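Me: I would like to go through this structure in questions and answers, with the criteria stated along the way. Please show it first.

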Amino acid sequence: MDEYIVESIGADDKAIMIDTMMKNYGQDILQLVYSYVKNQTIAEDLTQDIFIKCYRNLHTYRKKAKLKTWLWSIAINHCKDYLKSWYNKNVVLSNEVLDSEFDEANQLESKVIQQDEDDRLVAHVMSLSVEFREVIYLFYFEEMPIKEIASVTGINSNTVKTRLRRAKQLLKEHGYLPKIFIIA
């Protein structure tokens, strides 16, 4: 499908292509970004930045990988850059903003976690470090094969396998290993 989008839309109409990408992958990218930054507002801002970056760099897409893989690579690198940035390390929101975000998040989180087992899984996965969280997310939630994860993250396939195994061990040590993690 990705290749069809690229083939059917000429280079002159990047806006339509980006709009299509946002419709097809916007929510997935937002969830991916949230798994890195753990803040809805920041995740939304970074997601917008990612699509702007894609729009500006659409001419660099060479069709060597799937469009989705290219987009995920940009998103992951953008998240890692943000986590290393001065802004992320030094700028703190005011207490009023933090308190209101915290209260809203707690109310919503409490309701959602009580309703569904999947949200317990998300909370446990989110407690992992980024290196484990990203491979778990991409493998189980985005259903990417190990080779594609290696391509997107820029790490060796064997390292991806090792991180998946270690992440599952960490979840098991904390008393949580859902059935979906036992399969692979």
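Reply: A disulfide is taken here as a pair of cysteine sulfur atoms within 2.5 Å. The model is predicted, so local features need pLDDT of at least 70 and side-chain atom pairs count only at pLDDT 80 or more, while totals for chains, interfaces and linings use all residues. Residues are numbered from 1 along each chain as its sequence is written, and side-chain values use heavy atoms, with hydrogens and water left out.

Me: By this rule, to what number does the count of disulfides come?
Reply: Buried is the word for under 20% relative accessible area, exposed for over 50% and partly exposed for what lies in between, with a 1.4 Å probe and protein chains only. C54 is buried at 0% relative accessibility, and C79 is likewise buried, with a relative accessible area of 0%. Under the sulfur criterion, the number of disulfides is 0.

Me: Which element gives the largest share of the largest nonpolar core?
Reply: A nonpolar core is a set of buried Ala, Val, Leu, Ile, Met, Phe, Trp, Tyr and Cys residues joined through side-chain atoms within 4.5 Å, and the largest one has 46 residues, with M21, I29, L71, W72 and L138 making the most contacts inside it. Two or more residues come from each of α2 (14-37), α3 (40-56), α4 (67-84), α7 (117-126), α8 (130-141), α9 (146-153) and α10 (157-173), where helices (H or I, at least four residues) and strands (E, at least two) are DSSP runs numbered from the N terminus. The largest share, 10 residues, is that of α2.

Me: Which residues does L138 touch, not counting those up to four places away in sequence?
Reply: L138 is among the residues with the most contacts inside the largest core. With contact meaning heavy atoms within 4.5 Å, L138 touches L32, W72, I76, E143, M144, I149, V152 and T153.

Me: Why can K68 and E142 be said to tie together parts of the chain, and how many residues apart in sequence are those parts?
Reply: A salt bridge is a side-chain nitrogen of Lys or Arg within 4 Å of a carboxyl oxygen of Asp or Glu, and K68 forms one with E142, their closest N and O atoms being 3.7 Å apart. Because K68 lies in helix α4 and E142 in the loop between α8 and α9, the pair joins parts whose separation in sequence is 74 residues.

Me: In which helix are K23 and D19, about one helical turn from each other?
Reply: The side chains of K23 and D19 meet in a salt bridge at 3.2 Å, N to O. K23 is exposed at 66% relative accessibility, whereas D19 is partly exposed at 36%. Being 4 residues apart, the two are separated by about one turn of helix α2.

Me: Is R163 buried or exposed?
Reply: R163 has its place in helix α10 and is linked with K80, E131 and E134 in a network of salt bridges. Leaving aside neighbours within four places in sequence, R163 is in contact with E131, F132, E134, V135 and I155. Its relative accessibility of 19% makes R163 buried.

Me: What is the relative accessible area of Y87?
Reply: Y87 is placed in helix α5 (residues 86-90), and the relative accessible area there makes this residue partly exposed, with a value of 45%.
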